[in-house]
Amino acid sequence: MSRDRSRRGLRRRDRNGLIAASLTAMSLTVSGCVVVHGEREVLPAAGRAEAARALAQFTAAYNRADRTYDRSLDAGHVTGALADIDGARLTAGHANSPSGNPNHTPLTLTDAKFTIPKKAGWPRWFVADARGNKGGDQRWLLVFTRRDLGEPWKVAYLTLVAPGAVPEFKKDGDGWAEAVPAGSTRLAVPPADLGKEYAGYLQSGGKTFADGRSTSAWRADRAKQARKPGLVRQYIDEPLTHGDYAPLALRTADGGALVFFTTHHFEKQTAAAGTSVPVPNKDVRALTKGEVKQSLTLEFVSNEAALDPAGSGPVSVVGQVRGLTAAQGS
């Protein structure tokens with residue numbers, strides 16, 4: 001065989017190899033077996049079957065932890081505000097009933113609806129809206145998050161909302177929702193600022209928030225408590241905005257957003273000279289460090305769901321779960 005013929009044969013084999021490789025790549029693309037980069041591609045945060053599995057796994061873990069008062073049993077399924085609130089509840093329960101929860105009733109979540117935003121980057125997240133067998137007829141809104149593919153889905157936010165208060169969400173032709181950027185200025189308040197605005201409202205009032213149980217009624221209750229003789233109450237309110245406490249927002253059909261955000265609250269009770277502060281119940285005692293003499297400082301974490309309208313107008317807090325997470329006596 002001549003050297004020229006040998007070279008032509010090698011070129012033919014190389015060309016055939018490239019064609020075969022191209023056909024293989026094309027077949028992988030057509031079949032959907034392609035590698036994508038989640039930090040750049042705009043994709044649904046989860047598949048619908050995946051979201052349903054995450055809800056079932058959370059419910060099972062929640063029930064195991066509630067039955068035994070062992071917070072380690074659902075630690076892999078909760079984070080952020082819910083981890084703080086529910087973890088403290090389980091800690092107090094275990095301290096007062098080491099053998100488990102004598103009043104345990106399994107949580108069941110039915111009629112689940114999933115709102116899954118299509119977005120780029122991490123964290124990925126979605127909302128489950130379900131009917132629970134606890135909390136009356138209110139809907140349970142759970143926000144599942146994860147920061148990379150190697151993590152399990154965890155619930156960061158859990159709020160209970162009246163059925164009529166759950167808004168209609170904006171969705172595309174395939175049924176995927178729209179995540180609203182934290183810094184969006186198309187809303188009455190950017191989601192990133194809601195925690196700060198809410199903390200300021202609780203301290204000073206104003207017109208940013210509509211009247212309601214978690215706004216004007218809570219301020220009125222604080223004012224009433226402050227007037228009781230013999231016990232001075234002082235309040236500090238602050239936003240929690242970083243990591244798994246970061247606000248998350250979904251676009252609603254009217255152009256506004258449903259925003260989930262977290263706040264941190266302190267209530268210091270100081271007794272008059274010669275008297276002591278009464279400790280409310282055994283769960284508070286279980287979470288209290290130090291000896292309660294003249295003062296007791298209660299620490300709470302609260303997660304809220306709020307309707308933030310487009311353009312202007314007051315923000316409506318439609319759901320709130322608040323829990324004692326620690327206390328300090330002195």
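Ser 97 sits in the loop that runs between helix H3 (80-96) and strand E2 (109-115). In this predicted model, Ser 97 has a relative accessibility of 17%, and because the cut-off for buried is under 20%, this loop residue counts as buried. A polar atom of the Ser 97 side chain comes to 2.5 Å from the backbone oxygen of Gly 100. Once you set aside neighbours within four places in sequence, Ser 97 is in contact with Tyr 69 and Pro 102.

Now for the helix that comes before that loop. H3 packs against helix H2 (residues 48-68), with the two axes 9 Å apart and at an angle of about 30°. Angles under 35 degrees count as roughly parallel, so H2 is roughly parallel to H3. On the H2 side, the contact is made by Phe 58, Tyr 62, Ala 65, Asp 66 and Thr 68, while H3 brings in Leu 82, Asp 86, Arg 89, Leu 90 and His 94. Sorted by class, that gives five nonpolar, two polar and three charged residues.

Next, the strands. Strand E12 (residues 316-329) pairs with strand E10 (residues 288-289) and also with strand E11 (residues 295-308), as set out here.

| Pair | Sense | Bridges | A residue and its partner in E12 |
|---|---|---|---|
| E10 and E12 | parallel | two | Lys 289 and Gln 328 |
| E11 and E12 | antiparallel | twelve | Val 301 and Gly 323 |

So which residues does Ser 316, a member of E12, touch beyond those up to four places away in sequence? They are Ala 210, Ala 305, Ala 306 and Leu 307. Of these, Ala 305, Ala 306 and Leu 307 fall within the 295-308 range of E11, the antiparallel partner of E12. There's also a long reach along the chain: Ser 316 and Asp 211 are 105 residues apart in sequence, yet their C-alpha atoms are 7.7 Å apart in space. Is Ser 316 buried, exposed or partly exposed? Its relative accessible area is 28%, which makes Ser 316 partly exposed, since that class lies between 20% and 50%.

Finally, the chain as a whole. The protein chain holds six helices and twelve strands. Of its 330 residues, 41% are buried, Ser 97 being one of the buried ones. Among contacts in the chain with a separation of 6 or more, 67% are between residues 24 or more positions apart.

Notes:
Residues are numbered from 1 along each chain as its sequence is written. This is a predicted model: local features need pLDDT of at least 70, side-chain atom pairs count only at pLDDT 80 or more; totals for chains, interfaces and linings use all residues. Side-chain values use heavy atoms; hydrogens and water are left out. Two strands pair if DSSP finds at least two bridges between them. Helices (H or I, at least four residues) and strands (E, at least two) are DSSP runs, numbered from the N terminus. Buried means under 20% relative accessible area, exposed over 50%, partly exposed in between (1.4 Å probe, protein chains only). A polar contact is a pair of N or O atoms within 3.5 Å; within protein, one must be able to donate a hydrogen and the other to accept it, and residues adjacent in sequence count only if both atoms are side-chain atoms. Contact means heavy atoms within 4.5 Å. Axes are lines fitted to C-alpha atoms, for helices over the stretch in contact, and angles run from 0 to 180 degrees between N-to-C directions. Angles under 35 degrees count as roughly parallel, over 145 as roughly antiparallel, 65 to 115 as roughly perpendicular and the rest as oblique. Ala, Val, Leu, Ile, Met, Phe, Trp, Tyr, Cys and Pro count as nonpolar, Asp, Glu, Lys and Arg as charged, and the others, Gly among them, as polar.
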